[in-house]
Amino acid sequence: WKLSPFCSEGRTIHANRRGSEEGSNAFFWQGPGALTPYLVALLLLQIPPSSSLTSLQFRILLGAGCLPALAVLYLQTSDTEPLRSRRLSKSPREAAEEAHWHLWTLLGTASTWFFFDVSFYGTSIFAPTILASVFGKGMSLAGLTVRSARS
């Protein structure tokens, strides 16, 4: 799901305004795509307990996680639109200019994703430490709610 906006925008980068809309739609769907596994896991936790429940829940969640990747793989392989990257340049100079342009695009995209990942996952990993330093250790949820309501 992380590469879907880049692929979507790359296919339609020289098209009309619809290309930008497709790219922004792909970015929008990252949120629901990241949230869905947690919602599925919450639904699986509602299954009545049994002897091998944890193993079954894990296997269902793992199998469900493969479905989007399989759908993307199928849709990409069934795409009949020829890729722009398969076109041959007319001269070595044009090929070098095109490679230089792709290099800058790749560096810009990679650095943007790097900073996004560091900020997003860094915040997620250190959320307990940040919350403990902001709200104090050992405070109950009710206490946090009252404290937030007062401020």
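This passage describes the fold, one helix bend, one salt bridge and one surface patch of a predicted model.

The overall architecture is a good place to start. The secondary structure consists of seven helices and zero strands, so that the chain reads α-α-α-α-α-α-α along its sequence. Of its 151 residues, 7% count as buried. The chain exposes about 12,600 Å², and carbon and sulfur atoms supply 69% of that area. As for how the sequence is brought together, contacts between residues at least 6 apart were considered, and 43% of these join residues at least 24 apart.

Helix α3 invites a check of its geometry. The helix covers residues 30-44, and its 15 residues, at 1.5 Å a residue, should span 21 Å. Its end C-alpha atoms are 22 Å apart, in agreement with that expectation. A bend is nevertheless present in α3: the helix turns by about 30° at Thr36. A proline, Pro37, follows within four residues of the bend.

Helix α5, which runs over residues 92-125, holds both partners of a salt bridge, Glu97 and Arg93. A search of the whole structure finds one such salt bridge. The closest N and O atoms of Glu97 and Arg93 are 3.5 Å apart, which falls within the 4 Å cut-off used for a salt bridge. In sequence, Glu97 and Arg93 are four residues apart, or about one turn of the helix. How accessible are the two partners? Glu97 has a relative accessibility of 45% and counts as partly exposed, because this value lies between the 20% limit for buried and the 50% limit for exposed. Arg93, at 63%, counts as exposed, since its value is over 50%.

The helix also contributes to a nonpolar patch on the surface. This patch is formed by Phe116, Phe120, Tyr121, Ile125, Phe126, Ile130 and Val134, which together have about 680 Å² of accessible area. Two helices, α5 and α6 (127-135), each supply at least two of the patch residues. Which helix gives the most to the patch? That is α5, with four residues. Phe116 is found in α5 and offers a useful example of how a patch member is classified. With a relative accessible area of 38%, Phe116 is partly exposed; this value is also over the 30% that patch membership requires.

Taken together, helix α5 links the last two features, as it holds both Glu97 and Arg93 and gives the most to the nonpolar patch.

How values were computed. Residues are numbered from 1 along each chain as its sequence is written. This is a predicted model: local features need pLDDT of at least 70, side-chain atom pairs count only at pLDDT 80 or more; totals for chains, interfaces and linings use all residues. Side-chain values use heavy atoms; hydrogens and water are left out. Patches are made of residues with over 30% relative accessible area and no salt bridge: like charges are joined within 9 Å, nonpolar side chains (Val, Leu, Ile, Met, Phe, Trp, Tyr) within 5 Å. Accessible areas come from the Shrake-Rupley method with a 1.4 Å probe; for residues, only the protein chains shown count as cover. A salt bridge is a side-chain nitrogen of Lys or Arg within 4 Å of a carboxyl oxygen of Asp or Glu. Buried means under 20% relative accessible area, exposed over 50%, partly exposed in between (1.4 Å probe, protein chains only). The expected span of a helix is 1.5 Å times one less than its number of residues. The bend at a residue is the angle between axes fitted to the seven residues ending there and the seven starting there. Contact means heavy atoms within 4.5 Å.
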